[in-house]
Each structure stands twice: as structure tokens, then as C-alpha cells.
Amino acid sequence: MIEKNNNIMIDIQNVSYEYSSYIDESIQLAVKDLSLQIERGEFFVVLGHNGSGKSTLAKMINGLILPSKGDVLVNGMNTRDEDKIWDIRSTAGMVFQNPDNQIVATIVEEDVAFGPENLGVPPAEIRKRVDDALEVVEMTDYKSHAPHLLSGGQKQRVAIAGILAMEPDCIIFDEPTAMLDPSGRLEVMETIKKLNEEKNKTIILITHYMDEAVEADRVMVLNEGEAVMLGTPKEIFKQVEKLKSLGLDVPQVTELVYELNKEGYNIKDDILSVEELVDTL
Amino acid sequence: MIIELKDVDYIYNPGTPFEKKALDKINLQVEEGEFIGLIGHTGSGKSTLVQHLNGLMKPTKGSIIIDGEDLSSKDTKMKSVRQKVGLVFQYPEHQLFEETIYKDIAFGPKNLGLSDEEVDKRVRDAMELVGLEFEELKERSPFELSGGQKRRVAIAGVIAMKPKVLILDEPTAGLDPKGRDDILDEIRKIYDKENITIILVSHSMEDIARLVNRIFVMHKGKVALDGPTREVFSKTDELEEMGLGVPQITKFMKAFKGRGNKVKDDVLTIEEAKEEILNYLRSKKDA
């Protein structure tokens with residue numbers, strides 16, 4: 001019997017995921033014996049190159065796929081428990097990379113209402129949830145617009161509102177800014193931070209952008225399905241060489257400090273932002 | 001001069017309530033052998049502009065001359081224009097369709113009516129240029145490859161047409177940092193080895209700073225800025241107003257200089273910043 005810990009939102013216990021290769025049908029492991037606990041209200045970032053197992057992990061958290069070995073518990077519910085699958089999906093909502101693949105209706109507010117309608121929420125309550133969700137993502141002014149005429153950042157915020165209207169405690173974002181321009185990326189990141197700070201949502205963000213990862217409480221680096229690094233952004237990013245060997249990147253200012261220290265200087269090596277470095281030098 | 005645009009306007013849905021001027025009096029000249037970065041936020045007219053350069057779209061007004069040929073002239077053959085200007089779209093791997101990598105890359109050159117020997121040579125050369133091993137990969141299905149490799153196959157298919165101008169629309173979108181660096185290195189190699197003009201469309205100011213010699217900034221259908229890379233990236237405030245930015249390292253040097261430190265602030269790369277800061281630290285020590 002697993003004891004329920006109210007502070008743990010996501011509990012991943014010795015999880016592996018197997019699949020057979022397209023090329024020779026050999027058994028491959030996308031995730032290898034991973035154990036991880038994500039706390040309620042945490043802003044957690046997952047980094048790793050393409051094919052490192054990030055998306056597989058995300059799909060297991062939301063019960064879209066089941067682990068081959070081990071268990072995934074979402075707010076104490078096991079994703080193997082078929083009776084709980086809808087509760088799990090409304091507890092841990094998921095936002096994907098391409099906003100165009102996530103929008104189903106022809107009017108913004110109808111799109112946002114789609115999720116709660118399917119959960120059987122009463123109409124008056126749906127109205128309230130839709131209005132609240134659009135307010136949070138700052139898209140109220142566009143509620144009667146057609147989604148396809150919006151910018152990428154706006155569409156992605158509508159997709160987020162659609163998830164919010166299902167009132168999840170946790171939202172998993174799988175590279176939500178990969179297809180957006182810099183201002184769209186900024187809009188979506190502001191929204192994600194707001195959900196974490198003001199709405200106390202647990203956030204799991206999968207990204208390739210190091211400037212997004214520096215905002216997290218904790219960062220995990222996946223490589224070949226294993227958690228090879230786990231810690232605060234400062235602890236992770238100062239390991240410049242290790243990150244580069246894993247095919248990842250560090251913020252440019254962090255790399256500059258690393259380069260200067262190679263020349264014999266002794267500058268604080270966990271600098272992540274322009275302001276910090278200006279103050280330090 | 002390889003590309004010249006004179007007073008080019010393009011209007012979407014003219015005469016309807018959805019009328020929108022996407023290009024507004026564009027005047028541009030590109031010399032052969034330039035490496036140009038094209039930046040601007042979504043909806044600024046970048047993609048519309050790019051599609052005009054190989055005749056996929058026709059200007060509402062004005063003229064476009066590519067390698068001496070006026071695109072609006074009836075005598076100009078679009079086929080030859082599209083061969084001269086190779087366009088690699090966003091997510092080009094979605095356009096792969098053949099059974100083997102060889103056939104996919106050979107598709108364009110074959111349609112040019114080239115001999116089998118010439119097609120074969122072009123496929124080999126193109127694969128080498130983008131860093132794909134010929135013998136190992138030629139008979140493989142393009143769909144078995146990783147995202148970054150698929151994208152290379154798509155770029156090789158355009159390179160095999162031997163274009164004079166290569167336009168790449170967001171070639172690193174969706175790739176991880178390593179995949180992005182690899183593709184950018186290949187593009188640099190193509191530029192260095194071939195006698196080619198490149199236009200790189202990108203949202204990544206770091207990528208632009210690393211590669212290009214000159215930048216066009218599109219904003220509200222106009223060319224808002226046009227100049228050498230260093231000069232354009234010195235205009236942080238203007239770029240930020242347009243929803244764009246400068247590389248983090250450029251931003252840092254500017255902020256550092258702003259504190260009264262005597263350093264150059266027009267750096268574009270980490271290497272340049274390192275040199276500048278090392279000089280600064282040494283001079284401080286000597287003083």
C-alpha cells in the first residue's frame with residue numbers, strides 16, 4: 001500500500017517505457033527506470049535533446065500511454081486504474097506544441113468550453129469557467145473571434161484556456177513555444193508563470209529554450225530515457241561542459257562566465273541573467 | 001545584382017473587408033554572394049516577401065528582377081526562376097515523399113531533364129554538402145531518419161537544383177540545440193563552398209548574429225531596417241519596439257557599457273564578448 005503524500009502532485013516510481021524499433025523491431029527503452037517526485041505548486045522543467053524520452057514521459061503523466069514497468073501516480077491516482085483515467089486527465093491537463101492541432105471550434109469561447117462540456121459540467125458553471133479562463137490568459141477581448149485569425153501566441157493561449165476550464169491542478173506543456181515567434185513565446189511564458197504563481201498550478205514544462213528553463217524551480221535533464229541531471233537552474237546551468245556534451249545549451253551570459261573562468265578568472269559560475277552578470281563584473 | 005525589388009506592394013483580399021496590405025513599397029537590392037538575415041515578427045510580411053522572390057506570389061504593384069529577369073514579363077519562364085531561387089519552407093521534412101533518400105533528392109534535378117549521370121552527381125554532391133553519408137543512406141527511407149536528418153534531406157533536394165539564391169525559412173524551428181547547431185554549420189558550409197546567395201529567415205537573433213552579413217527587418221509590411229548585422233543589432237530599442245530583440249550577449253555588453261564601463265557594445269558572439277571583457281579586466285588590473 002502506497003502512502004498518500006498530499007504534497008506530491010506527480011509521483012513516478014521506477015518507470016520504464018518499451019517500444020519496438022521501426023527499423024529492426026528490437027525492443028528499445030524510451031524511459032529507463034525513472035523515479036521522480038514533483039511537488040504541488042512546483043514549476044518543473046524537463047530538458048533533453050530530441051529522442052531523449054521527454055514526450056514519452058509527458059504522455060505517461062497524463063495517462064495517454066501506460067508505463068511498461070513501474071507506476072505513475074497523479075495526485076495519488078495510479079494511471080493504470082481505468083476508473084480514474086478521466087479524473088487523472090482533468091487533474092493533469094496537457095498543452096502541445098502546435099496550437100493548430102488543439103483548437104476544435106470556430107469561435108474562441110466555444111473552443112474553451114469544449115473540455116468542460118465533455119466533463120458534463122452544468123451550463124452556468126461552464127459559462128463562468130470559460131470567462132475566468134479567458135480572463136487569466138488575457139484573451140477576453142477575443143472571445144467571439146475565429147481562432148484561425150489569431151496569432152500563434154494568441155492561439156496557444158486559447159489552447160491553454162481550454163485546459164484551464166477543466167480546472168486541472170497540474171498542466172504539462174510539451175514545447176508550447178517551439179512554433180512561436182519571440183513575442184508569442186514571451187506571451188505564452190508570461191501566461192505559464194502567472195498560472196504557477198497566481199493560480200498555484202503545478203507546471204511541467206518541456207522545452208528546448210534555456211531562457212525558459214532558468215525560470216523553473218527545478219530542472220531535470222533527460223538523456224536516453226534517464227534522468228542524468230536534476231537540480232535548481234543554477235545548479236544545472238553552471239555545468240556548461242556536461243550540458244554541451246548532452247547536446248544542450250546554456251544561456252549566453254552563463255557561457256561567457258565559463259569562458260572567462262577558463263582564462264583563470266574566478267567569477268561566480270551560476271549566473272543566468274544579463275542583470276546578474278552586469279552586477280557581478 | 002541578383003535580386004532587385006522596386007516599389008513592390010502586395011495586397012491580400014483586395015476590395016473586401018479583409019483587405020490587408022502585406023507588402024508596402026518594398027525597395028531592396030541584394031548583391032550576388034551576400035548572406036542575408038530576414039527578421040520580423042509573425043505577420044510582418046516576411047513570408048509574403050519570400051514567396052515573391054521565386055514567383056510563387058505576384059506583386060499587386062511594382063517589379064521584381066531576379067538575376068536580370070523581370071518576373072512580371074511574359075517572356076520570363078517561371079521554371080527557370082524557381083530553379084535559380086531555391087526555397088526551403090518551414091518544416092520542409094513534411095514535403096518528403098519518396099521511397100528512398102536518393103529518389104527524393106533526385107526528384108528536382110530529374111524534372112529539369114538532366115542526364116542520369118548529372119542527376120547522380122548532383123545527389124552525391126548535395127548529400128555531401130548537408131553532411132549525409134551517401135552509401136549508407138541512399139537506399140534508406142527518409143521517414144526512418146531523425147527530425148534533423150529529415151530536414152537535411154529536404155535541404156539537399158533544393159541544393160541539388162543548384163540554385164543561385166537559397167532561401168531558408170526558419171530552418172532550425174523545432175530542433176533541439178545540437179540539431180540546430182548542426183544545421184547552421186551545414187548552411188555555413190554551403191555558403192562557403194558554393195557560389196551562392198543565401199537569405200535566412202529566423203526568429204533566433206543568436207543564429208542570425210552568428211551567420212549573416214546583412215539584415216533586413218520587416219515591420220508592418222515595410223523594410224524597417226536594412227544594414228550590416230552589427231549596425232542593425234546596435235538598435236536594441238527600435239528592435240524591441242517591433243517585438244524583436246538582440247542576442248543576449250549583445251544585450252549584456254550594452255548594459256555593461258551603460259554602467260560606465262569602457263567596452264565596445266556592438267558584439268555579436270560570445271567569442272567577441274570574451275575578448276572585450278578580458279581586455280577590460282586586464283586593463284582594470286593594470287590601472
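**Notes on the predicted two-chain model**

1. Both faces of strand S8(A) are covered in this predicted model. On one side A:Thr202, A:Ile204 and A:Ile206 are buried, and on the other A:Ile203 and A:Leu205 are buried as well. The split follows a general pattern: side chains in a regular strand alternate between the two faces of the sheet. Since 5 of the 5 residues of S8(A), residues 202-206, are buried, the strand is largely enclosed by the rest of the structure.

2. Which strands of chain A pair with S8(A) in the parallel sense? Strand S3(A), residues 43-47, runs parallel to S8(A) and is joined to it by 4 bridges. Within that pair, A:Phe43 stands opposite A:Ile203. Strand S7(A), residues 170-174, also pairs with S8(A) in the parallel sense, over 5 bridges. There A:Ile172 has A:Ile204 as its bridge partner. The partners A:Ile203 and A:Ile204 lie on opposite sides of S8(A), and both are buried.

3. The connection from S7(A) to S8(A) involves a helix: S7(A), H6(A) and S8(A) make a right-handed β-α-β unit. Helix H6(A), residues 182-197, comes up again in point 6, as one of the helices that supply residues to the side of chain A that touches chain B.

4. Chain A also has an open sheet of 4 strands, in the order S2-S1-S4-S5, with antiparallel pairing. Its edge strands are S2(A), residues 27-39, and S5(A), residues 77-78, each of which pairs on one side only. S1(A), residues 8-20, is joined to S2(A) by 9 bridges, and the two run antiparallel. In this pair A:Tyr17 stands opposite A:Val31 of S2(A). Helix H1(A), residues 54-61, lies across S1, S2 and S4 (69-74) of chain A, and runs at about 125° to S1(A).

5. Chain B has an open sheet of 4 strands, in the order S2-S1-S4-S5, and the pairing is antiparallel. S2(B), residues 20-30, and S5(B), residues 69-70, stand at the edges with a single partner strand each, so one side of each is left without a neighbour in the sheet. S1(B), residues 3-12, pairs with S2(B) in the antiparallel sense over 7 bridges. One of the bridge pairs sets B:Tyr12 against B:Lys20 of S2(B).

6. What does each chain bring to the contact between A and B? 30 residues of chain A are in contact with 31 residues of chain B. On the chain A side, H6 (182-197), H10 (252-262) and H11 (274-280) each supply at least two residues. H10(A) gives the most, with 6 residues. By class, this side of chain A has 15 nonpolar, 10 polar and 5 charged residues.

7. Helix H3(B), residues 101-111, has several buried residues: B:Ile101, B:Tyr102, B:Asp104, B:Ile105, B:Ala106, B:Gly108 and B:Pro109. The charged B:Asp104 is therefore on a list of buried residues, with the cut-off for burial being 20 or more other C-beta atoms within 10 Å. The cover over the buried residues of H3(B) includes H4 (116-129), H5 (134-137) and H6 (147-159) of chain B. After H3(B) comes B:Gly113, which has a positive phi, near 80°.

8. B:Lys121 lies in helix H4 of chain B, one of the helices that cover H3(B). Is B:Lys121 buried or partly exposed? With 14 C-beta neighbours inside 10 Å, B:Lys121 counts as partly exposed. Its C-alpha is 9.1 Å from that of B:Ala160, although the two residues are 39 apart in sequence.

9. Two backbone angles deserve a look. Most residues other than glycine have a negative phi. A:Glu138, not a glycine, has a positive phi of about 55°. A:Glu138 sits in the loop between H4 (123-136) and H5 (152-164) of chain A, and is partly exposed because 15 C-beta neighbours lie inside 10 Å. B:Lys25 has a positive phi too, near 50°. B:Lys25, however, lies in a strand, S2 of chain B. With 15 other C-beta atoms within 10 Å, B:Lys25 is partly exposed.

10. On confidence, the model scores ipTM 0.83 and pTM 0.86. Chain B has a mean pLDDT of 91, and 100% of its residues reach 70 or more.

Terms used: Residues numbered from 1 in each chain as written. Chains lettered and ligands numbered in written order. Buried ≥ 20, exposed ≤ 12 C-beta atoms within 10 Å, placed from the backbone. Contact = placed C-beta atoms within 7 Å. Nonpolar A, V, L, I, M, F, W, Y, C, P; charged D, E, K, R; others polar. Pairing = 2+ DSSP bridges. Right-handed = clockwise from strand over helix to strand, strands pointing away. pLDDT = per-residue confidence, 0-100. Axes fitted to C-alpha atoms, helices over the stretch in contact; angles between N-to-C directions.
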